[in-house]
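Q: I would like a close look at one part of this protein, with its surroundings filled in afterwards. Please keep it brisk.

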Amino acid sequence: MDYREKYNEWLAFADEKTKAELLAVNDEKEIEDRFYKDLAFGTGGLRGVMGAGSNRMNKYTVGKATLGLANYLRDKFDGDISVAIACDTRLNSRAFLECAAQVFASQGITVYAYDTVVPVPVLSFTTRYLGCNAGVMITASHNPKEYNGYKVYDSKGCQFCTEDAKNAIGYINKITDYSSIYKDGESVDTYVKSGKVIYVGEKELAAFITEVKKQSLYEEKSDLKIVYTPLHGTGNIPVQRVLEGMNVTVLKAQQEPDGNFPTVKSPNPEDKAALTLAIEKAKEIGADLVLGTDPDCDRVGIAVKDGDEYRLFTGNQTGAVLVKFVLEMKKASLNEKSTLVKTIVTSELGANIAKSYGLIIEETLTGFKFIGDKINKYEESGKQEFVIGYEESYGYLVGTHARDKDGVVSSMLICQMAAWYKNQGKTLVDALNEIYDEYGYYLDCLDSFVLKGKDGAEKIQSLMSYFREKGKALLDGVSEIIDFSQGVRDLPKENVLKYIWTDGSWMAVRPSGTEPKIKVYYSIVGADREMAQKRLDSIRSIIDGIINS
């Protein structure tokens, strides 16, 4: 069907609220964008703008994904099947959770659903803790407020990786009749009463906090002052619990859950503006450290007092100092199996630090699910031991209680690290400068270019083709190009290009898997910041010109 036929089909079966929304759309391009394709269930699940239409997040696209997933789980597992479900603070997250719970239960699957909002790592932990066959998290992570999403986890609490995702997508794509997904006269309450939907909460969250606290590395008294903001998300309660005993001021203006995220343009700690209010509070009270977690509390951003101002750290910088701290604290227990895992678009700085401590370094494709999958494989083989994993996009994990990035354990360890350095008369800025002195200067940067709609998707494909065709002629001095779409080592094929210079500097280009963006990553090695910045600016101007032409 073309988009108009699909539009008319939806008008025939959808509920009155959905019909009213569709009938109010007068822009033909808008109708096309809502229906020119089905919202893709990719390797990370669903993520998209909320609204009516086959290319939007709504009760019908959530129901389709859930029914397909239920069919896959029933074919994969024998006996009774159970699924854990949780949600973040976004608009419609609770409604989507109830939609998913209703559909799973209608297929005979027992659902353990959180009765309150919780972070992604809590759902990852709970799936394994309760012995469930799978888990679902309703979240769009750090995306703007218009978005929501649907992440799927396996029985070990790891996001579906290549094989599971491929199989589940096949089952989901077989669901073509949206009108048959929900049974007339039923709701989630129908299945709560029958015992197929069971609400969970405090007991499971307390078990998660207990496991996080087992990763504690430094508990000496310190006069460190911290300002924390959950950015209207799920981190407020769990982060405060793991920081008990420390001097923490929670930013009241951003403390309460609110899917409108009224105090920020984007609830993303990667965005400098997201920590503006927290930095203002830190200046007011003279805090040493500002800490912010995104809505589903799997990412952490920090700003560090540096003289009279506060210096924002990139994900790579925080990762580097955290690697140094964790390995220094754990060095007595490190052995020949100890391993650090990073993604292919993460700086080499943390890896070089880990190498100096004798660790094995492993790389994965972009996406923390691949790091979680490594943990699973290490446990199965016994040949390696996971110590720390991280990615440049502000996600870190220490411990194996979760199989996804964890803003709760990261917040605890970052604050302990800052306290350890403060007790030595140092800040995290000092710690980072010491690392640069020892390992060299690394300047890392990410540029994201938003290209919306069908035209934008086509341009992204065209740009990736152009970068491939130009090859080494694209930029002076490139010694190697790695095309991950051709298969590299044992990694799954992925639409990523990485350009490498002889001094270890590199640039990578990839389409976003969750937003209408093409992303360009830069990691420039230089004698100092000034030289690295000059070189970065030159390369960026070339790439900007190509993408914006």
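In which sense do strand E18 (residues 497-501) and strand E19 (residues 506-511) pair, and over how many bridges?

A: This is a predicted model. Strands E18 and E19 pair in the antiparallel sense, and four bridges link them. One pair fixes the register: leucine 497 has valine 509 in E19 as its bridge partner.

These two strands belong to an open sheet of five strands. The order is E16-E20-E19-E18-E17, and the pairing is antiparallel. At the edges stand strand E16 (441-450) and strand E17 (478-483). Each has a single partner strand, so one side of each is left without a neighbour in the sheet. On average, neighbouring strands here are turned by 15° against each other, direction ignored.

Another open sheet of five strands gives a useful contrast. Its order is E8-E7-E9-E10-E11, and its pairing is mixed. Strand E8 (247-250) and strand E11 (309-312) are the edge strands, each pairing on one side only. From one strand to the next, the twist averages 25°. Within this sheet, strand E7 (residues 225-229) runs parallel to strand E9 (residues 289-293), with four bridges between them. Isoleucine 226 faces leucine 289 of E9 across that pairing. Helix H15 (residues 407-422) packs on the sheet. H15 touches E7, E9 and strand E10 (300-306), and its direction makes about 175° with that of E9.

Now take strand E3 (residues 110-114). Four of its five residues are buried, so E3 is largely enclosed by the rest of the structure. Strand E2 (residues 82-87) runs parallel to E3, joined by four bridges. Valine 83 is placed opposite valine 111 in E3. Strand E6 (residues 197-200) is also parallel to E3, again through four bridges. Here valine 111 stands opposite valine 197 in E6. Valine 111 therefore has valine 83 opposite it in E2 and valine 197 opposite it in E6. E2, helix H5 (residues 93-106) and E3 together make a β-α-β unit, and this unit is right-handed.

Asparagine 58 deserves a look of its own. This residue sits in the loop between strand E1 (46-49) and helix H4 (59-76). With a relative accessible area of 8%, asparagine 58 is buried. Its side chain has polar partners in the backbone. A polar atom of that side chain lies 2.8 Å from the backbone oxygen of glycine 51. The asparagine 58 side chain also reaches the backbone oxygen of arginine 56, at 3.3 Å. Leaving aside residues up to four places away in sequence, asparagine 58 touches Trp10, Gly51, Ala52, Gly53 and Phe96.

Last, the cysteines. The structure holds zero disulfides. Two cases show the spacing. For cysteine 132, the closest cysteine sulfur belongs to cysteine 158, 16 Å away, which is too far for a bond. Cysteine 132 is buried, at 2% relative accessibility. For cysteine 415, the closest cysteine sulfur is in cysteine 297, 12 Å away, again too far for a bond. Cysteine 415 is buried as well, at 0% relative accessibility.

Terms used. Residues are numbered from 1 along each chain as its sequence is written. This is a predicted model: local features need pLDDT of at least 70, side-chain atom pairs count only at pLDDT 80 or more; totals for chains, interfaces and linings use all residues. Side-chain values use heavy atoms; hydrogens and water are left out. Buried means under 20% relative accessible area, exposed over 50%, partly exposed in between (1.4 Å probe, protein chains only). Two strands pair if DSSP finds at least two bridges between them. A crossover is right-handed if, with the strands pointing away from the viewer, the path from the first strand over the helix to the second runs clockwise. A polar contact is a pair of N or O atoms within 3.5 Å; within protein, one must be able to donate a hydrogen and the other to accept it, and residues adjacent in sequence count only if both atoms are side-chain atoms. Contact means heavy atoms within 4.5 Å. A disulfide is a pair of cysteine sulfur atoms within 2.5 Å. Axes are lines fitted to C-alpha atoms, for helices over the stretch in contact, and angles run from 0 to 180 degrees between N-to-C directions.
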